[in-house]
Amino acid sequence: MTTTHSELGYSYMLKTVVKSYGDVVPTLHQLASIALTLPISTADCERGFSVVGRVKTKLRNRLSQKILRCLLYLSAEGPATQEFNYSKAANV
């Protein structure tokens, strides 16, 4: 049974272009590489805005960029509050 291009899927075809045809059609290779890096959904962006909403409140509106960046990173990527070692963080 023969598989058509529409059955293979968007991601599979782009990966094939990147792997097999990069030296033959460099412009198409670049376009396929860019298309593979585009996010499929906006979930990460929305999650980032939610973190900013939780961290930067009316009471914390004068945080410096450095402190705000650190707090956002900890809130989004850091360990759970129960697992965080506060004494070790204070000594750094």
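Select the whole protein chain and colour it by secondary structure: along the sequence, the pattern reads α-α-α-α-α-α. The count is six helices and zero strands, where helices are DSSP runs of H or I with at least four residues, strands are runs of E with at least two, and numbering starts from the N terminus. The model is predicted, with pLDDT of at least 70 required for local features and 80 or more for side-chain atom pairs, while totals for chains, interfaces and linings use all residues. Residues are numbered from 1 along each chain as its sequence is written, and side-chain values use heavy atoms, without hydrogens and water.

Next, display the C-alpha atoms, which fill a box of roughly 60 × 30 × 30 Å along the principal axes.

Turn then to the surface of the protein chain. About 8,300 Å² is exposed, 59% of it supplied by carbon and sulfur atoms (Shrake-Rupley method, 1.4 Å probe; for residues, only the protein chains shown count as cover). Of the 92 residues, 8% are buried (under 20% relative accessible area; exposed is over 50%, partly exposed in between; 1.4 Å probe, protein chains only).

Now select Y21, V24, V25, L28 and L31, which make a nonpolar surface patch of about 460 Å². Patch residues have over 30% relative accessible area and no salt bridge; nonpolar side chains (Val, Leu, Ile, Met, Phe, Trp, Tyr) are joined within 5 Å, like charges within 9 Å. A salt bridge is a side-chain nitrogen of Lys or Arg within 4 Å of a carboxyl oxygen of Asp or Glu.

Finally, centre on V24, in the loop between α2 (10-20) and α3 (26-37). V24 is exposed, at a relative accessible area of 59%.
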